[in-house]
Amino acid sequence: MLAKRIIPCLDVNAGRVVKGVNFVNLTDAGDPVESAKFYEREGADEIVFLDITASSDNRATMLNVVRKTAETVFLPFSVGGGIRSVDDIRSILSNGADKISLNTAAVLKPELISEGAEEFGAQCIVVAIDATRNDSQQNAKSTTLPSSLEHLTMPNVEESSGYEVYINGGRTSTKIDAVEWAKYVVSCGAGEILLTSIDRDGTNSGYDMEILKKVTTAVNVPVIASGGAGTLDHFYDAINRGGADAVLAASVFHFGKFKIREVKDYLSEKGVPVRI
């Protein structure tokens with residue numbers, strides 16, 4: 001069995017790492033490059049940078065942060081937010097990132113997934129899926145989808161998973177079924193899925209095991225569990241019960257509740273293979 005990865009997530013807004021609850025009420029959590037250096041020393045397996053307002057603000061991703069991180073940190077890292085074209089992907093990878101993460105652009109321009117995979121390899125293309133239980137966010141605005149995705153929307157899918165895909169940092173409803181979307185993006189060439197529960201984000205109440213298990217069962221690529229880690233058992237459950245290949249967390253690491261090594265030691269004691 002491959003080693004399971006422990007990944008701190010650095011949500012970046014206006015050049016600073018931030019953390020919120022359910023994607024709102026953001027709190028400053030430090031400098032992104034310094035945070036990346038810290039987590040490298042702590043033993044993280046990878047780092048994820050998400051420029052959380054790049055898509056909603058209609059601007060490009062923070063290339064200066066990507067470049068500075070690559071110059072000072074020798075840890076694999078992926079970057080998401082504001083990526084709209086193959087040229088954007090090329091720019092981020094050429095500035096030192098190992099992978100890129102598509103979320104909003106994957107929905108609005110799904111051909112970008114296959115174009116990116118063909119140009120740079122599927123291993124470089126992560127599709128981030130922000131999912132929420134149906135009707136849990138009543139006041140969200142909606143978006144117009146490409147006609148090629150209409151068959152993935154509820155109630156057009158044969159059997160709904162009960163979870164919907166949101167874009168623009170959790171602000172916009174798509175009506176796309178989350179599990180059907182996961183299967184679709186893999187068929188387009190995505191090499192990995194970053195699955196975040198909006199309902200659990202920042203709550204420390206545990207990963208949403210229902211949607212996690214549904215997605216890991218439905219696809220044959222690695223799935224990163226995200227949203228809700230609050231105890232050591234939560235990390236173990238995501239891997240052991242949910243089938244996750246990696247576990248991602250933010251607030252429990254940023255604010256010192258757990259160290260990366262604590263999580264790895266706990267998982268190792270439970271028989272989960274990790275890189276110590």
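This is a short talk about a few side chains and backbone angles in one protein model.

Okay, hi everyone. Before we start, please keep in mind that what you see is a predicted model. I'll begin with the aromatic rings, then move on to some single residues.

So, rings. How many aromatic pairs does a search of the whole structure find? The count comes out at 6. Let's take one of them, the pair made by F235 and F253. Their ring centres are 5.9 Å apart, and the planes differ by 20 degrees. Why do we call that stacked? Because planes under 30 degrees apart count as stacked, that's the label here.

Now, where do those two rings come from in the chain? F235 belongs to helix α8, which covers residues 232-240, while F253 sits in helix α9, residues 251-254. They're 18 residues apart, and the pair is one that links distant parts of the chain.

Are these two phenylalanines buried or exposed? F235 is buried, with a relative accessible area of 0%. F253 is at 4%, and it counts as buried too. The cut-off for buried is under 20%, so both values qualify.

And this pair has company. Ring pairs join F235 and F253 with F38, Y39 and Y207 into a cluster. If you've got the structure open, try clicking on those five residues.

There's another kind of ring contact to look at. Which residue puts its charged end over the ring of Y236? That's K270, and its charged end is 5.0 Å from the centre of the ring.

Next, a bit of backbone. Two residues have a positive phi without being glycine. One is N168, with phi near 55 degrees. N168 is in the loop between β9 (163-167) and β10 (172-177), and at a relative accessible area of 17% it's buried. The other is K175, where phi is about 70 degrees. K175 lies in strand β10 itself. At 42% relative accessibility, K175 counts as partly exposed, because that label covers what falls between 20% and 50%.

Last stop: R200. Where is it? Look in the loop between β11 (192-197) and α7 (209-218). R200 has 24% relative accessibility, so it counts as partly exposed. If you compare its position with V18, the two are 182 residues apart along the chain, and their C-alpha atoms are separated by 17 Å.

Right, that's my tour. If you take one picture home, make it the stacked pair of F235 and F253, with both rings in that cluster alongside F38, Y39 and Y207. Thanks!

Key:
Residues are numbered from 1 along each chain as its sequence is written. This is a predicted model: local features need pLDDT of at least 70, side-chain atom pairs count only at pLDDT 80 or more; totals for chains, interfaces and linings use all residues. Side-chain values use heavy atoms; hydrogens and water are left out. Rings of Phe, Tyr and Trp (its six-membered ring) pair if their centres lie within 6.5 Å; planes under 30 degrees apart count as stacked, over 60 as edge-to-face and the rest as tilted. Helices (H or I, at least four residues) and strands (E, at least two) are DSSP runs, numbered from the N terminus. Buried means under 20% relative accessible area, exposed over 50%, partly exposed in between (1.4 Å probe, protein chains only). A charge sits over a ring if NZ of Lys or CZ of Arg is within 6 Å of the ring centre and within 35 degrees of the ring normal.
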